[in-house]
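User: I'd like to go through the side-chain contacts and pockets of this one with you. Could you take my questions one at a time?

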Amino acid sequence: PIFGVEGYIAAPNENRKCHQTILAMNQIGHRNLNAMVSQSWRDFYRWPTIHIDVLEEYSEGLIVLSGCADSTLSCTLLGGKSFGDKRDSYTRDQFESAIRLIEWYKGVFGDRYYLECQRFPGLDRTCALNPAFEELSAITGVGLAATSDCHYLYSRDSEMQKILHAAHRASTVSAVEASWEYSITLDFPESDEQVINDLVGTGLSASAAQSALDNTAIIGERCNVTLPKVEPIKYRPSDEDLVPWC
């Protein structure tokens, strides 16, 4: 298995948190991942809220992807969360801010940082982000990585997700249907070819789509956490154990 978490990255006292994909590459990374999540439970609340300085402190052994359409990088380009209203385009200043953000991550994680490209040609935001990520990758040298944001196994499971979300939010199915999660299906892709076609459909070039898919395989190969085996506790009774307690 690959041990990881969708972290919530935020500045101190900021309630609207951006998403970040964080994976444990080795045992050190697994320990650091557990440390950050435990600190979140202790200092914040149940969601894994991680401040940037904490992520930097525990960066060893981790592979970090830029995150989904609600990530810090995505919101720097197209708004959302604490970056203002969501928009369909970005300015040159916003693009340069994205470059500076990527350079910071690159300085902390080196080749363990990737730009996350999701495979949703049916989402306008994804279609605006992925071509920007391809350009940013060419400028910064940071690789692309293809992800799927899978919520369930089969497309038919979308109906059950609506029911579960409605129950969780004390709402109704018709109310939750307005969410982006129901304008597309979030099941597993059936082939590499499907992923490539979806990525190209979002605006990536064929070569960038192939590179993103290849990098996802490389990330999988780089994540090699082996959980330590714990010796079972053996209690060896003595003659004193047979003495009555009272």
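User: Is Tyr90 buried, partly exposed or exposed, and at what relative accessibility?
Analyst: Keep in mind that this is a predicted model. Buried needs a relative accessible area under 20%, and exposed needs over 50%. Tyr90 falls in between, so it counts as partly exposed, at 30%.

User: Which residue forms a stacked aromatic pair with Tyr90?
Analyst: There are 4 aromatic pairs by the rule used here. In the stacked one with Tyr90, the rings sit 5.7 Å centre to centre with 20 degrees between the planes, and the partner is Phe95. Because its relative accessible area is 2%, that partner is buried. So the ring you're after belongs to Phe95.

User: What is the angle between the planes of Trp104 and Tyr105?
Analyst: Planes over 60 degrees apart count as edge-to-face, and that's the label this pair gets, with the centres 5.0 Å apart. Trp104 is partly exposed at 29%, whereas Tyr105 is buried at 1%. The angle between the planes is 90 degrees.

User: Which residues form one aromatic cluster?
Analyst: Start from the edge-to-face pair of Trp104 and Tyr105. Both belong to a cluster that also takes in Phe109 and Tyr113. The full set is Trp104, Tyr105, Phe109 and Tyr113.

User: Which residue has its charged end over the ring of Tyr154?
Analyst: A charge has to be within 6 Å of the ring centre to count, along with an angle condition. Here the distance from the centre of the Tyr154 ring is 4.4 Å. The residue is Arg156.

User: How many residues apart are Asp198 and Arg119, which form a salt bridge?
Analyst: The closest N and O atoms of Asp198 and Arg119 are 2.6 Å apart, and both residues are buried. Asp198 is in helix α8, while Arg119 is in the loop between β5 and α5. The bridge links distant parts of the chain, 79 residues apart.

User: Which helix holds both Lys162 and Glu159?
Analyst: These two form a salt bridge with the closest N and O atoms 3.1 Å apart. Lys162 counts as buried at 9%, whereas Glu159 is partly exposed at 48%. They're 3 residues apart, about one turn of the helix, and that helix is α6.

User: What is the relative accessible area of Arg42, which meets Asp43 in a salt bridge?
Analyst: The whole structure has 5 salt bridges, and the one between Asp43 and Arg42 spans 2.8 Å, N to O. Asp43 is partly exposed at 40%. Arg42 counts as exposed because its value is 62%.

User: Which element supplies the largest share of the lining of the largest pocket?
Analyst: That pocket has a volume of about 1,300 Å³ and is lined by 39 residues, with Glu6, Glu116, Gln118, Asp149 and Cys150 nearest its centre. Several elements supply at least two lining residues each, including β1, β5 and α6. The largest share is 4 residues, and it comes from α9.

User: How many residues of the lining of the second largest pocket are nonpolar?
Analyst: About 170 Å³ of space lies in this pocket. It's lined by 13 residues, with Ile9, Ala10, Ala11, Thr72 and Phe83 nearest its centre, and β1 and α4 each supply at least two. By class there are 2 polar and 3 charged residues, and the nonpolar count is 8.

Note on methods. Residues are numbered from 1 along each chain as its sequence is written. This is a predicted model: local features need pLDDT of at least 70, side-chain atom pairs count only at pLDDT 80 or more; totals for chains, interfaces and linings use all residues. Side-chain values use heavy atoms; hydrogens and water are left out. On a 1 Å grid over the protein atoms alone, a cavity is a set of points where a 1.4 Å probe fits but cannot get out, and a pocket is an open set with protein on both sides within 12 Å along at least five of seven lines; lining residues have an atom within 4 Å of a point. Grid points are joined across faces, edges and corners, and a volume is the space filled by probe spheres set on the points. Ala, Val, Leu, Ile, Met, Phe, Trp, Tyr, Cys and Pro count as nonpolar, Asp, Glu, Lys and Arg as charged, and the others, Gly among them, as polar. Rings of Phe, Tyr and Trp (its six-membered ring) pair if their centres lie within 6.5 Å; planes under 30 degrees apart count as stacked, over 60 as edge-to-face and the rest as tilted. Buried means under 20% relative accessible area, exposed over 50%, partly exposed in between (1.4 Å probe, protein chains only). A charge sits over a ring if NZ of Lys or CZ of Arg is within 6 Å of the ring centre and within 35 degrees of the ring normal. A salt bridge is a side-chain nitrogen of Lys or Arg within 4 Å of a carboxyl oxygen of Asp or Glu.
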